[in-house]
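Dear colleague,

Please find below the structure that I am handing over to you. My findings follow directly after it.

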Amino acid sequence: MNISDVAKKTGLTSKAIRFYEEKGLVTVPSRGENGYRTYTQKQLDELTLLRQARQVGFNLEECGELVNLFNDPARHSADVKARTLQKVADIEKHISELQAMRQQLLALAESCPGDDSADCPIIDNLSGCCHRQEKA
């Protein structure tokens with residue numbers, strides 16, 4: 001298979017495929033006499049795993065670990081499950097942080113009159129001080 005065939009089958013762009021190869025996340029494809037990459041089912045499977053792992057939030061390093069596990073016939077499903085549950089915990093922590101940020105922003109917006117005056121409690125709060133000009 002050539003890179004355009006692999007791109008169609010995996011849903012990745014040719015650029016993404018070359019990027020994953022450059023990062024060492026997939027088995028290096030062989031090259032034909034013309035210098036073009038030739039992909040096997042193994043690379044297709046690795047790239048499909050990478051695309052789907054990225055879609056559910058695994059970062060590049062984690063994806064590399066998953067590809068290594070994919071290629072390890074002596075792997076333990078417990079290792080894969082542990083990595084997956086750790087990713088779930090990371091996502092839950094991130095969601096919690098985002099919810100806290102949302103609440104803080106809503107509180108800031110509530111404190112602001114949102115009128116034509118320059119006096120803005122949001123700016124005052126974010127800057128950590130009060131920049132209101134003294135009235136003469």
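I begin at the start of the chain, with Met 1, which sits in the segment before H1. Please note that this is a predicted model. With a relative accessibility of 28%, Met 1 counts as partly exposed. Beyond its neighbours within four places in sequence, Met 1 is in contact with Val 6, Lys 9, Arg 37, Thr 38, Tyr 39, Thr 40, Gln 41 and Leu 44. One of these partners, Gln 41, is 40 residues away in sequence, yet the two C-alpha atoms are 8.6 Å apart in space.

Ile 3 belongs to helix H1, which covers residues 3-10. Its relative accessibility is 17%, and Ile 3 therefore counts as buried, the cut-off being under 20%. Residues up to four places away in sequence aside, Ile 3 touches Ser 14, Ile 17, Arg 18 and Tyr 39. Between Ile 3 and Tyr 39 there are 7.3 Å from C-alpha to C-alpha, with a separation of 36 residues along the chain. Tyr 39 is thus a partner of Ile 3 and is also among the contacts of Met 1.

Two further residues deserve a description. Arg 54 is part of helix H3 and is partly exposed, at a relative accessible area of 38%. Its contacts, leaving out neighbours within four places in sequence, are Tyr 20, Asn 59, Leu 60 and Cys 63.

Lys 87 is located in helix H5, which runs over residues 77-111. Is this lysine, Lys 87, buried or exposed? Lys 87 is buried, because its relative accessible area is 11% and the limit for that class is under 20%. When neighbours within four places in sequence are set aside, Lys 87 contacts Val 56, Gly 57, Phe 58, Asn 59 and Glu 62. Asn 59 appears in this list and is likewise a contact of Arg 54.

I turn now to the chain as a whole. The protein chain contains six helices and two strands, and from the N terminus on their order is α-α-β-β-α-α-α-α. The radius of gyration is 25 Å, well over the 14 Å that the globule rule gives for 136 residues, so the chain is more spread out than a compact globule. Along the principal axes, the C-alpha atoms fill a box of roughly 85 × 40 × 20 Å.

As to burial and contacts, 24% of the 136 residues count as buried. Among contacts between residues at least 6 apart in sequence, 42% join residues at least 24 apart.

The surface and the charges can be summarised briefly. The protein chain exposes about 9,900 Å², of which carbon and sulfur atoms supply 53%. There are 18 positive and 20 negative charges, and the mean positions of the two groups are 8 Å apart.

Finally, a word on confidence. The average pLDDT of the protein chain is 92, and 95% of the residues score at least 70. Among the elements, helix H3 (residues 41-55) has the highest mean pLDDT, at 97, while strand S1 (residues 30-31) has the lowest, at 90. Where pLDDT is low, predicted coordinates should not be read in detail.

With kind regards

Technical notes:
Residues numbered from 1 in each chain as written. Predicted model: local features only at pLDDT ≥ 70, side-chain atom pairs only at ≥ 80, totals over all residues. Heavy atoms only, no water. Helix = DSSP H or I, 4+ residues; strand = E, 2+ residues; numbered from the N terminus. Rg over C-alpha atoms; globule rule 2.2 N^0.38 Å. Buried < 20%, exposed > 50% of the residue type's maximum accessible area, 1.4 Å probe, protein only. Contact = heavy atoms within 4.5 Å. Areas by Shrake-Rupley, 256 points an atom, 1.4 Å probe, with all protein chains shown as cover. Lys, Arg positive; Asp, Glu negative; His and termini not counted. Charge placed at Lys NZ, Arg CZ, Asp CG, Glu CD. pLDDT = per-residue confidence, 0-100.
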